[in-house]
Amino acid sequence: MIPVSIVDQRRETGSNPPEIEDLQQRYAVKAFPTLVVFSPATGRMVTTRGFGDADQTLAWITQAARSVR
């Protein structure tokens, strides 16, 4: 697992660096927070957007990890 935190600077500076734009496009980040579980072995990806409490987030990550295998 590699956690990645993206700071969207569009509101503050008007644009993002190219590497941030690439990540947002590649993983379909349209809102914050967005959680993405991606398996390089299978190429499968699961995404969710919005806030949840700790238990909901842990349950989602566990289920997402199973589904991308």
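Author: A quick definition before we start: a salt bridge is a side-chain nitrogen of Lys or Arg within 4 Å of a carboxyl oxygen of Asp or Glu. Keep in mind that this is a predicted model.

Reader: Fine. What makes Glu-21 and Arg-10 a salt bridge?

Author: The closest N and O atoms of Glu-21 and Arg-10 are 3.1 Å apart. The cut-off is 4 Å, so the pair counts.

Reader: And how do you know that this pair links distant parts of the chain?

Author: Look at where the two partners sit: Arg-10 is in helix H1 (residues 10-13), while Glu-21 is in helix H2 (residues 18-26). They are 11 residues apart.

Reader: Why is Arg-10 called partly exposed?

Author: Its relative accessible area is 41%. Buried would need under 20% and exposed over 50%, so Arg-10 lands in between.

Reader: How many salt bridges does the structure hold?

Author: Two. The other pair to look at is Arg-26 with Asp-22, at 3.0 Å from N to O. That is within 4 Å, so the name fits here too.

Reader: Where do Arg-26 and Asp-22 lie?

Author: Both are in helix H2, four residues apart, which is about one turn of the helix. As for cover, Asp-22 has a relative accessible area of 35%, so it is neither under 20% nor over 50% and goes down as partly exposed.

Reader: What about charges in the chain overall: how many side chains are positive and how many negative?

Author: There are 8 positive and 7 negative ones, and the centres of the two sets lie 10 Å apart.

Reader: Now the greasy side. What makes the nonpolar surface patch?

Author: Val-36, Phe-38 and Met-45 do, with about 230 Å² between them. Val, Phe and Met are on the list of nonpolar side chains, and such side chains are joined within 5 Å, so the three form one patch. Val-36 belongs to strand S1 (residues 34-38).

Reader: Is Val-36 buried, exposed or partly exposed?

Author: Partly exposed: 30% is over the 20% limit for buried but does not reach the 50% needed for exposed.

Reader: So how much of the chain is buried?

Author: Of the 69 residues, 14% are buried, and that label means under 20% relative accessible area. The accessible surface comes to about 5500 Å², with 55% of it belonging to carbon and sulfur atoms.

Reader: Last one: which elements does the chain have, and in what order do they run?

Author: It has three helices and two strands, and from the N terminus they run α-α-β-β-α.

How values were computed
Residues numbered from 1 in each chain as written. Predicted model: local features only at pLDDT ≥ 70, side-chain atom pairs only at ≥ 80, totals over all residues. Heavy atoms only, no water. Buried < 20%, exposed > 50% of the residue type's maximum accessible area, 1.4 Å probe, protein only. Areas by Shrake-Rupley, 256 points an atom, 1.4 Å probe, with all protein chains shown as cover. Lys, Arg positive; Asp, Glu negative; His and termini not counted. Charge placed at Lys NZ, Arg CZ, Asp CG, Glu CD. Patch = residues over 30% accessible without salt bridge, like charges linked within 9 Å, V, L, I, M, F, W, Y side chains within 5 Å.
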